[in-house]
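I sat down with this one to see how its strands pair and where its aromatic rings meet. Here are my notes, in the order I looked things up.

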Amino acid sequence: MNFRPSVFATFALFSALPAQAPAIAPLDADLATLHTVLVDRPGDGNVWVLAPGYKARFGRDGVDFIPWFGSKAPRNYPLAMRLRDVARGGRTLAWRADVEPRLEGLRVIYDRGAVQEVWDLRAQEVEQNFLVVGHEGDGDLVVDLAIDTELAASDVADGLEFAAAGLGRVLYGDVTTIDESARRVTTPARLTTSGIELRVPAAFVARAQGAVRIDPIVRAITIDNTVDAVDPDVAYEPNNDRWLVVYERVFSFTDQDIVSRRYSGSGNLIEEVGVATNTRESRNPSVGVGAAARDFLIVWDEDRTVGRQIRGRVRAADSTTQTATSDLATDSGVNDVPQVGGVAATDSRNGDYLVVFANHNFLVSQSQVCMVRVDANGFSGPSTTLSSPSDFAGDAAINKVRRTNLGWVVAWRTTGTTSSSARARLVTATAVAPGSLLLQTGIVGPPAVAGDGVDFEVVFADQAGRSDFDVFGAQLRQQAGSLVQGIRHNLTAAEPGARVVLNQADPTVGFDGSRFTYAYREGPVASTDTDVFAATFTAGPTPFFSDGHRALHTATSGIAEGTPSIAGQAETGGDAGRFLIAWQQVGSSSSNVLGALYDGVQPGSSVEVVDTHCGALQISFTAENTPALGATVRLRAANIQAANQVTLLGLPTPPITLCSAGCKLGVFPILLTVPGTSLDLRIPEDPSVLGARVAAENVLVLNLGGCTTANFVLPLVTTDTLVLTVR
């Protein structure tokens, strides 16, 4: 009998086997250490540079060189430099002051006519060059730089020093001047009452061949090399198989930068890119994916003269291209801690994002959760308030993606003098559902949410009458444009291996189409010694855990692990099962961001190839995609003569020899026969089939050097057998 497999028939193929522990692969996530020089044009007319030893701004009005004195420095100590004059023998040369900088790789160029000012960017230093083309006349050639800094200036043996006591110093080196014939002379850089003077002797200039190049080197020397990286967030883009991790890197106490790192799906670092590298307080980064448009939206909050605002920019998934920085929410007061909800690869409304954040007006003691919609170019619409004006609301969370024109669930926490609550509200692709849903009251921690647009899980920490926190989950479903609350569970109590006498706090959650994976911090009550763990479960009247209390890294004593963040490949249209989890690690002197690829399904190869092929023509037979819950496995055989080919599906068996030509059968009993060379096999979203095994083999009924058997007299050729284990 020839027929296509249905969902019910597929269930019959599997016999459950014991589940195994998920695989965890550490991510190369030492994010505190910069690997290279990051150069950015955010659209404000400036070129910004963030390097391991400094940052710098290049604008029409001049250059700010900002030495890195370690993350514990109380503030920035910029050395502002502006070209004031270039003259020979007291006569000013024909040069232009008002010039926009031009960027060529790791070189910033000011084309000033007779003088070209060039800055070569390196990891620990910059080399400042003045290329003087027209230097006719008599006398010394003098470059006059105006400087403005609170650093203490002094002459030292090999140049000039600008120092901040106990923090570090900037060395401005002596001058080497070279002409086009490679003649050179070295002269000292000199301090003047308001700047720096670079002087080239008249005798050298008079004999110079062609243009002369004057090049001092500027270098920062740091006393405390402490680097802090904090507050990570992650997202996944399936079309290019790319993870994007964003995080905050502390430059000084009053200056934080946002940096992104792009990784391959298997966790290999591709590059790092500066997102917000100016001298503002850029904090609380979040990233979401527009999978259909193949890009990411990165958002953060940033200080302004009064209050804070939400800013963002769109980043291509297949390159380092970014849009100009945009203001997304500039409501009065303090707007902070944004979170991004994106769209899956199947969504037809390409490029729409939802950004949720808290707006605080401390003058009237009010805090509300708000939202803005953002398009694929990074431009936002008007702000909309989601919480009640009577609530003091914050800690907004949103599911990473919405699917097929469905919606997001926005969850938040309200706080009072003695208790708090968790609430949620539905936002569809085009509208905001009326009213919010009360999930829990008591001593409740910040929530997190994941789901597929219909079914959602909100997780949060709750004391629930205990002295310590447990992780709870509330099931939600979208029905007729509103949210309906389902069962509420104490996940910690049900999670295998969880230590219920300890604190489980600050959970985050992701969804892979079938299962939820959540990560959390665990440690003793009132202790800073915490570690990050993860668990995977399938929602239902009783949560079914395929794994629990899985440590994401080697336990660390005396070190606090911060709130984790999570993204799953299947949430946006990728393969089921794999998540990237990142978290902050706080040590005694510094903070860093760590990460792990967490495979919430069984480890090891899930497709085994058994040698059963025969005949002079070996027919290839492959399985595309991982046989995980909810996934579709694509079985493909080489098309030799499709009308005479059939795929056999059944239980795996030790190879049975069919004839002396060596053809073997690896599928028995044969439960399904499907004509042709291709078969898409849908794995049920049922945890009871975890570990189940099914075998598939393609057979060509044609005389191509195969064999005949007593039970099947037509000549046949067999492929290798694929044994699929459901993960």
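Entry 1, a ring cluster. I started with the aromatic side chains, keeping in mind that this is a predicted model. Ring pairs join Phe 511, Phe 516, Tyr 518, Tyr 520, Phe 533, Phe 537 and Phe 545 into one cluster. I then wanted to know which strands lie in this stretch of the chain.

Entry 2, the sheet around it. I found an open sheet of 4 strands in the order β43-β44-β45-β46, with antiparallel pairing. At its edges are β43 (503-511) and β46 (544-551), each pairing on one side only. On average, neighbouring strands here are turned by 20 degrees against each other, direction ignored.

Entry 3, strand β44 and its partners. I counted 7 bridges between β44 (residues 516-523) and β45 (residues 531-538), which run antiparallel. Within that pairing, Tyr 518 has Ala 535 as its bridge partner in β45, and Glu 522 stands opposite Asp 531. Towards β43, β44 again pairs in the antiparallel sense, over 7 bridges. There I noted Thr 508 opposite Ala 519 of β44. β43 and β44 form a hairpin with 4 residues between them. In that turn, Gly 513 has a positive phi of about 100 degrees.

Entry 4, which way do the side chains of β44 point? In a regular strand, side chains alternate between the two faces of the sheet. In β44, Phe 516, Tyr 518, Tyr 520 and Glu 522 point one way. Thr 517, Ala 519, Arg 521 and Gly 523 point the other way. I checked burial too: 8 of the 8 residues of β44 are buried. Phe 516, Tyr 518 and Tyr 520, which share a direction, are also among the rings of the cluster in my first entry.

Entry 5, a second sheet. I went back along the chain and found another open sheet of 4 strands, ordered β34-β36-β37-β38 and antiparallel in its pairing. β34 (393-398) and β38 (437-442) each have a single partner strand, so one side of each is left without a neighbour in the sheet. The twist from one strand to the next averages 20 degrees. β34 runs antiparallel to β36 (residues 407-415), and 4 bridges join them. As an example, I noted Ala 393 opposite Thr 414 of β36.

Entry 6, how many aromatic pairs are there? My count came to 12 aromatic pairs. One of them is Phe 58 with Trp 119, an edge-to-face pair at 5.6 Å centre to centre, with 65 degrees between the planes. Phe 58 sits in β4 (residues 54-59) and Trp 119 in β10 (residues 115-121), so this pair ties together parts that are 61 residues apart in sequence. Phe 58 is buried at a relative accessible area of 1%, and Trp 119 is buried with 1% as well.

I also looked at Tyr 236 and Trp 243. Their ring centres are 4.7 Å apart and their planes at 55 degrees, so I logged the pair as tilted. Tyr 236 counts as buried at 4% relative accessibility, and Trp 243 is buried with 0%.

Entry 7, charges over rings. Last, I searched for charged side chains lying over ring faces. The charged end of Lys 55 sits over the ring of Phe 251, 4.8 Å from its centre. Arg 249 lies over the face of Trp 68, at 5.7 Å from the ring centre.

Note on methods: Residues numbered from 1 in each chain as written. Predicted model: local features only at pLDDT ≥ 70, side-chain atom pairs only at ≥ 80, totals over all residues. Heavy atoms only, no water. Pairing = 2+ DSSP bridges. Axes fitted to C-alpha atoms, helices over the stretch in contact; angles between N-to-C directions. Buried < 20%, exposed > 50% of the residue type's maximum accessible area, 1.4 Å probe, protein only. Phe/Tyr/Trp six-rings, centres within 6.5 Å; stacked < 30°, edge-to-face > 60°. Lys NZ or Arg CZ within 6 Å of the ring centre and 35° of its normal.
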